[in-house]
Amino acid sequence: MPSLQGRVAVVTGGARGIGAATARRLAREGAAVALLDLDEEQAAATAAVLGGPSSIGLGCDVADPASVEAAVGQVLAELGRLDVLVNNAGITRDNLLFKMPVDDWDAVIDVHLRGAFLMTRAAQAPMVEQRYGRIISLSSVSALGNRGQANYSAAKMGLQGLTRTLAMELGPFGITANAVAPGFVVSEMTDATARRLGMSTAQLREQSAAVTPVRRVGHPDDIAHAICFLAGEEAGFVTGQTLYVDGGRRL
Ligand SMILES: NC(=O)c1ccc[n+]([C@@H]2O[C@H](COP(=O)([O-])OP(=O)(O)OC[C@H]3O[C@@H](n4cnc5c(N)ncnc54)[C@H](O)[C@@H]3O)[C@@H](O)[C@H]2O)c1
């Protein structure tokens, strides 16, 4: 029997990239999946081709408290419960510190950190009530520091601290909290990085693969696989951890 049969998962930023791959993987294991994304149309389109018992795509801005409360309420109303939360929505606004506008600092911190806080605060209520939950947040190797990403690095390391605290506070209620920290993964996000650096996407991928011990870049399914492990019932003794999924490469 698939390990997520009867479970309901929410994946933020699930319209494309790592979030969409994660949603597909969780659905394949039997979960009903709700994809929450700024891009409502794409979230619905991705949900429509997921398979699995039932999946929905909803418009949601994870940085906005009212939007989060409404979306989580709709998930509970339509899918009946909430077992797995994947805090995946993300943006980059890269710049060297001396050129970084305050708005770009705030935007990145808001989507990643405030977003994960708001989503987790909303999701923990049904999880605590049912004494079961799995929370997985997307950190990054950039948490360890990356030139041009002061905002993003701070947010991604912040998520690791949030994760350890969630593990302590929510563990007594049967809820685990873990982070997954990808290395370079092929997606719109890294394609945008190539454009910013004035490189083709192929050039940037080749360059990244060459300095990665496994000699390749990551793909969204590589990350989805790790998230799926942490989302399973069998991973109940794994909590407060950050799992680096980076082909062996630290920045
Ligand atoms: N691609 C990589 O190499 C890489 C590496 C490490 C970590 N990550 C992290 O993985 C996650 C997914 O990255 P990706 O590469 O798939 O990115 P992506 O840009 O392809 O997808 C991000 C998704 O998040 C959505 N989103 C953005 N802001 C939102 C908001 N306020 N509310 C709701 N949805 C919002 C976007 O619409 C998009 O669908 C991010 O948290 C990213 O920081 C990615």
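Reader: Where does Met-168 lie?
Author: This is a predicted model, so everything here is computed from it. Going along the chain to residues 150–170 brings you to a helix. Met-168 falls in that stretch, so the element you want is helix 5.

Reader: Is Met-168 buried or exposed?
Author: Count the other C-beta atoms within 10 Å of Met-168 and you get 11. A residue with 12 or fewer counts as exposed. So Met-168 is exposed.

Reader: What separates the C-alpha atoms of Met-168 and Ile-136?
Author: Along the chain, Met-168 and Ile-136 are 32 residues apart. In space, the gap between their C-alpha atoms is 14 Å.

Reader: OK, zooming out, how many helices and strands does the chain have?
Author: Met-168 sits in just one of them, helix 5. Over the whole chain, the tally is eight helices and seven strands.

Reader: And what is the radius of gyration of the chain?
Author: For 251 residues, the globule rule gives 18 Å. The chain comes close to that, so it is as compact as a globular protein of that length. Its C-alpha atoms fill a box of roughly 50 × 35 × 35 Å along the principal axes. The radius of gyration itself is 17 Å.

Reader: What share of the contacts in the chain comes from residues 24 or more positions apart?
Author: Buried residues make up 46% of the chain. For the contacts, take those with a separation of 6 or more. Residues 24 or more positions apart account for 69%.

Reader: Which strands pair with strand 4?
Author: Strand 4 covers residues 84–87. Three bridges join it in parallel to strand 1, residues 8–12. Four bridges join it, again in the parallel sense, to residues 133–138. The partners are therefore strand 1 and strand 5.

Reader: What is the bridge partner of Val-10 in strand 4?
Author: Strand 1 and strand 4 run parallel. Follow the bridge from Val-10 across to strand 4 and you land on Leu-85.

Reader: Which residue in strand 5 stands opposite Asn-87?
Author: Strand 4 and strand 5 pair over four bridges. Look across from Asn-87 to strand 5 and you find Ser-137.

Reader: What is the hand of the crossover from strand 4 to strand 5?
Author: The chain leaves strand 4, passes through helix 4 (residues 102–130) and reaches strand 5. That makes a β-α-β crossover, and its hand is right-handed.

Reader: Which residues of strand 4 point the other way from Val-84 and Val-86?
Author: The four residues of strand 4 are all buried, whichever way they point. Val-84 and Val-86 point one way. Pointing the other way are Leu-85 and Asn-87.

Reader: How many residues does the largest nonpolar core have?
Author: In soluble globular proteins, nonpolar side chains tend to be buried together. Here, the residues with the most contacts inside the core are Ala-9, Val-10, Leu-26 and Val-33. The core has 68 residues.

Reader: Which element gives the largest share of this core, and where does the core lie?
Author: Nine residues come from helix 4, the largest share. Domain 1 (8–183 + 220–244) and domain 2 (184–217) both give residues to the core. So the element is helix 4, and the core lies between domain 1 and domain 2.

Reader: Which elements give two or more residues to the side of domain 1 that touches domain 2?
Author: The C-alpha centres of the two domains lie 23 Å apart. Nine residues of domain 1 are in contact with eight residues of domain 2. On the domain 1 side, the elements giving two or more residues are helix 1 (17–28) and helix 8 (220–231).

Reader: Is Arg-131 buried or exposed?
Author: Arg-131 lies in the loop between helix 4 and strand 5. Its phi is near 55°, a positive value in a residue other than glycine. With 10 other C-beta atoms within 10 Å, Arg-131 is exposed.

Reader: Which residues is Asp-61 in contact with, leaving aside its neighbours within four places in sequence?
Author: Asp-61 is in the loop between strand 3 (55–59) and helix 3 (65–79). It has 19 other C-beta atoms within 10 Å, so it is partly exposed. Beyond those sequence neighbours, Asp-61 is in contact with Leu-38 and Ser-67.

Methods:
Residues numbered from 1 in each chain as written. Predicted model: local features only at pLDDT ≥ 70, side-chain atom pairs only at ≥ 80, totals over all residues. Buried ≥ 20, exposed ≤ 12 C-beta atoms within 10 Å, placed from the backbone. Pairing = 2+ DSSP bridges. Right-handed = clockwise from strand over helix to strand, strands pointing away. Rg over C-alpha atoms; globule rule 2.2 N^0.38 Å. Contact = placed C-beta atoms within 7 Å. Core = buried A, V, L, I, M, F, W, Y, C linked by C-beta atoms within 7 Å. Domains from an automatic or database assignment.
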